[in-house]
Amino acid sequence: MDSTTATAELGWTIYPSLGWEEVSGYDENMNTIRTYQVCNVFNANQNNWVRTKYIQRRGAQRIHVEMKFSVRDCSSIPNVTGSCKETFNLYYFEYDKDVASKVFPAWMENPWIKVDTIAADESFSQVDLGGRVMKINTEIRSFGPVSRKGFYLAFQDYGACMSLIAVKVFYRKCPRVIRNGAIFEETLSGAESTSLVSARGTCVPNGEEVDVPIKLYCNGDGEWLVPIGRCVCKAGYESVDNGTMCRGEFWFLFSVAY
């Protein structure tokens with residue numbers, strides 16, 4: 001999911017009705033996008049939620065969330081109360097189908113699972129606002145393992161003046177590659193950031209396995225590690241194109257004759 005690609009209203013669910021508000025905003029390149037903003041800093045005991053639509057898991061075991069947002073510096077707001085905040089919370093809720101309503105799941109931690117409290121590296125002041133200086137923060141968080149068919153994300157404000165500019169949800173995977181004479185198919189990363197997912201290789205046509213069974217590990221960043229084992233070309237064939245294929249003597253004689 002990428003909120004910046006929306007061509008119409010995002011239509012996320014808000015609670016209560018006087019909390020978050022969907023508006024048209026701008027990204028760092030001044031492109032028009034749909035954003036959510038809230039600024040009830042003069043009222044204490046804020047508890048404002050905004051929930052995304054249902055997001056299909058698509059086999060992923062660990063989910064990554066990139067958030068772009070801006071936060072107003074509390075000290076730059078005249079006469080603001082001591083309850084003003086410069087952080088917000090990220091939550092997720094798993095379910096096997098899209099069943100969310102205005103009251104389910106309940107707007108509270110448990111059933112929602114908290115991922116983290118998100119803080120801004122940079123906040124903006126009234127002076128910045130008058131000069132149109134954009135101070136956009138980018139934070140990435142991940143959570144897992146996830147096992148249901150899909151999930152929702154929720155963002156909880158408890159007293160900040162901020163804009164949620166963009167939300168991107170993704171998973172990591174290792175692409176299909178040929179290493180050491182073997183083909184390794186696309187493999188999703190594991191449930192933890194430190195997970196190593198083992199993938200069994202298949203020798204390229206006219207190749208055969210030697211040494212130990214050939215395998216490759218996919219790490220949490222979607223990168224392949226050093227392969228174990230190898231395949232070599234069978235008798236009468238030679239390795240070409242950096243080990244991606246085994247070419248036979250017949251092909252060589254044919255190509256010369258041609």
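Here are some short exercises with worked solutions on the disulfides, one loop residue and one sheet of this predicted model.

**Exercise 1. Get an overview of the disulfides and their connectivity.**

Start with the count: the structure holds 5 disulfides. Next, number the bonded cysteines along the chain and read off the pattern, which is 1-4, 2-3, 5-7, 6-8, 9-10. As a reminder of what is being counted, a disulfide is a covalent bond between the sulfur atoms of two cysteines.

**Exercise 2. Describe the link between Cys-39 and Cys-161: its geometry, its place in the chain and the accessibility of each partner.**

Step one is the bond. The sulfur atoms of Cys-39 and Cys-161 are 2.1 Å apart, within the 2.5 Å needed to call the pair a disulfide. The angle about the S-S bond is -100°, and the link of Cys-39 and Cys-161 is left-handed.

Step two is location. Cys-39 belongs to strand β3 (residues 32-39) and Cys-161 to strand β11 (residues 161-170), so this pair links distant parts of the chain, 122 residues apart.

Step three is accessibility. Cys-161 is buried because its relative accessible area is 11%, under the 20% limit. Cys-39 has 41% relative accessibility and therefore counts as partly exposed.

**Exercise 3. Work out the handedness and surroundings of the Cys-174 and Cys-218 disulfide.**

Begin with the sulfur atoms of Cys-174 and Cys-218, which lie 2.1 Å apart. With 95° about the S-S bond, their link is right-handed. Now find the strands: Cys-174 sits in β12 (residues 173-174) and Cys-218 in β18 (residues 207-218), so the disulfide ties together parts 44 residues apart in sequence. To finish, check burial: both Cys-174 and Cys-218 are buried.

**Exercise 4. Do the analysis again for Cys-203 and Cys-231.**

The S to S distance between Cys-203 and Cys-231 is 2.0 Å. Because the torsion about their S-S bond is about -75°, this disulfide is left-handed. Cys-203 is in strand β17 (residues 202-203) and Cys-231 in strand β19 (residues 228-233), so parts 28 residues apart in sequence are tied together. For accessibility, take the partners one at a time. Cys-203 has a relative accessible area of 18% and is therefore buried. Cys-231, at 9% relative accessibility, also counts as buried.

**Exercise 5. Place two of these cysteines in relation to a sheet.**

First, lay out the sheet: it is open, has 3 strands in the order β16-β18-β19, and its pairing is antiparallel. The edge strands, each pairing on one side only, are β16 (197-200) and β19. On average, neighbouring strands are turned by 35° against each other, direction ignored.

Next, zoom in on one pairing. β16 and β18 run in the antiparallel sense and share 4 bridges. Val-197 has Cys-218 in β18 as its bridge partner. Cys-218 thus brings us back to Exercise 3, where it forms a disulfide with Cys-174. The edge strand β19, for its part, holds Cys-231 from Exercise 4.

**Exercise 6. Characterise Arg-172 and its contacts.**

Locate the residue first: Arg-172 is in the loop between β11 and β12. Its relative accessibility is 27%, so Arg-172 counts as partly exposed.

Then list the neighbours, leaving out residues up to four places away in sequence. Arg-172 touches His-64, Leu-188, Ser-189, Gly-220, Asp-221 and Gly-222.

Finally, take one distance. Arg-172 and Thr-187 are 15 residues apart in sequence, and their C-alpha atoms are 9.1 Å apart in space.

Note on methods. Residues numbered from 1 in each chain as written. Predicted model: local features only at pLDDT ≥ 70, side-chain atom pairs only at ≥ 80, totals over all residues. Heavy atoms only, no water. Helix = DSSP H or I, 4+ residues; strand = E, 2+ residues; numbered from the N terminus. Buried < 20%, exposed > 50% of the residue type's maximum accessible area, 1.4 Å probe, protein only. Contact = heavy atoms within 4.5 Å. Pairing = 2+ DSSP bridges. Axes fitted to C-alpha atoms, helices over the stretch in contact; angles between N-to-C directions.
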